[in-house]
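Me: Hey, got a minute to walk me through a structure? I'm new to this, so keep it simple.

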Amino acid sequence: MRVRTILLVRFLLPCLLSVLLSSAQLPPNAVVSARLLDSHIQELAFKALFSPRTGVPYDAQVPTNLTGIKVSAMRLRSGSLRTRGVHSYEEFEIPIGVIVEQPHVERLVLVYQNLGNWSNKFYPLPGYSYLAPVLGLLAYNGANLSASELPELDIRASYYKPVLINFPDVKPAPFGSFPKCAYFDLHGSVQFDILLPGNMCSTVQQGHFSIVVESNAPSPTSSGVDQGGGKNNFMLRIVVASVVAGILLLIMLVLLVAAGVRGTKQRSKILELERVAESNETLDITYIGDTKVPLASGTRTRPIIEHDYIP
């Protein structure tokens, strides 16, 4: 009986430990940094890769105290990543040419993060408001899927073919504000870049990304009166500009008509002169000094003296 009990304990203990590890959670109300969260998410993501197929994403199970965060993992060959890229991995489009600079690995795992309503907690940004959740894409060595606390790989894309992040659910920006892309690197610094058409951001390296706007921009709900006055002023400027443009167009039309009438009169005068010239007798031309003048070759009738006068 004792031997059976020992064998049963030896059989159940690994299963029990496996269940406990798979449902591991952070302590309730624990304050952790973004880097500790990345390490914890890496463990959750790797546990989702049970006999994974290359290039297929696998969603990870997130503990209840981090509900709202989405995690997935995709295992790839580094050579395939460089030659084929990944057309669509959640919101990320990875182009051809992405390389692992150091260290060199044969397989890697791309871990995707969507922090949802936890974005501002782990990535606070004073003076700015989030219009989209923080999305993360980190790369790890995929040789050992049971490893934990792995350092991130250094992957790079070309500036001519960057990684694109397409944000599908973006809040409308306040009136008069200009949204921009925010990039958080692995060292805690943040950089801003222009927002591409279609709510897209671009990057050449891994990290965390979102769309933000300055929080001191005027809000459409808090300044309704000013916003209405601004709309009225805008409409007034449009009306004034339309009137001025109409006046200028009318002046240009009058000038064109006047020029056309003047040109018609000049052409008529020239035609009249040509007609008169063609109906008259042609005269010879001679020069007196530098002046060209007509010359008559003779007279039509010779003068006749009516009375002969001989002195």
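What follows is a short chat about this structure.

Me: Okay, basics before details. What kind of model is this?
Reply: It's a predicted model, so keep that in mind as we go.

Me: How many helices and strands are there in the protein?
Reply: There are five helices and 16 strands.

Me: And what share of the residues count as buried?
Reply: The protein has 311 residues, and 29% of them count as buried.

Me: What about contacts between residues far apart in the sequence?
Reply: Take the contacts with a separation of 6 or more: 66% of them come from residues 24 or more positions apart.

Me: Let's zoom in. Where is Arg75?
Reply: Arg75 belongs to strand β2, which covers residues 70–77.

Me: Is Arg75 buried, and what about a salt bridge?
Reply: Arg75 is buried, yet it has no salt bridge. The nearest side chain of opposite charge is Glu106, 8.4 Å away. A salt bridge has to be within 4 Å, so Glu106 doesn't qualify.

Me: Then what does the Arg75 side chain reach?
Reply: The backbone oxygen of Gly142, at 2.9 Å.

Me: Which other residues is Arg75 in contact with?
Reply: Leaving out neighbours within four places in sequence, the list includes Pro52, Arg53, Thr54 and Gly55. Arg107, Leu108 and Val109 are among them too, and so are Ala143 and Leu145.

Me: Val109, huh. What stands opposite Val109?
Reply: Tyr140, in strand β8. Strand β6 (residues 107–114) and β8 run antiparallel, joined by seven bridges.

Me: Why is β8 largely enclosed by the rest of the structure?
Reply: Because six of its seven residues, in the stretch 135–141, are buried.

Me: Which strand does β8 pair with over three bridges?
Reply: That's β14, residues 207–214, in the antiparallel sense. There, Gly136 has His208 as its bridge partner.

Me: Remind me, what holds strands together in a sheet?
Reply: Strands of a sheet pair through backbone hydrogen bonds, either parallel or antiparallel.

Me: New topic: what's the strand order in the open sheet of four strands?
Reply: The order is β3-β4-β10-β13, with antiparallel pairing. The edge strands are β3 (86–89) and β13 (200–203), and each of these pairs on one side only. From one strand to the next, the twist averages 20°.

Me: How many bridges do β3 and β4 share?
Reply: Two, in the antiparallel sense, with β4 covering residues 92–94. Val86 stands opposite Ile94 of β4.

Note on methods. Residues are numbered from 1 along each chain as its sequence is written. This is a predicted model: local features need pLDDT of at least 70, side-chain atom pairs count only at pLDDT 80 or more; totals for chains, interfaces and linings use all residues. Side-chain values use heavy atoms; hydrogens and water are left out. Buried means under 20% relative accessible area, exposed over 50%, partly exposed in between (1.4 Å probe, protein chains only). Lys and Arg count as positive and Asp and Glu as negative; His and the chain ends are not counted. A polar contact is a pair of N or O atoms within 3.5 Å; within protein, one must be able to donate a hydrogen and the other to accept it, and residues adjacent in sequence count only if both atoms are side-chain atoms. Contact means heavy atoms within 4.5 Å. Two strands pair if DSSP finds at least two bridges between them. Axes are lines fitted to C-alpha atoms, for helices over the stretch in contact, and angles run from 0 to 180 degrees between N-to-C directions.
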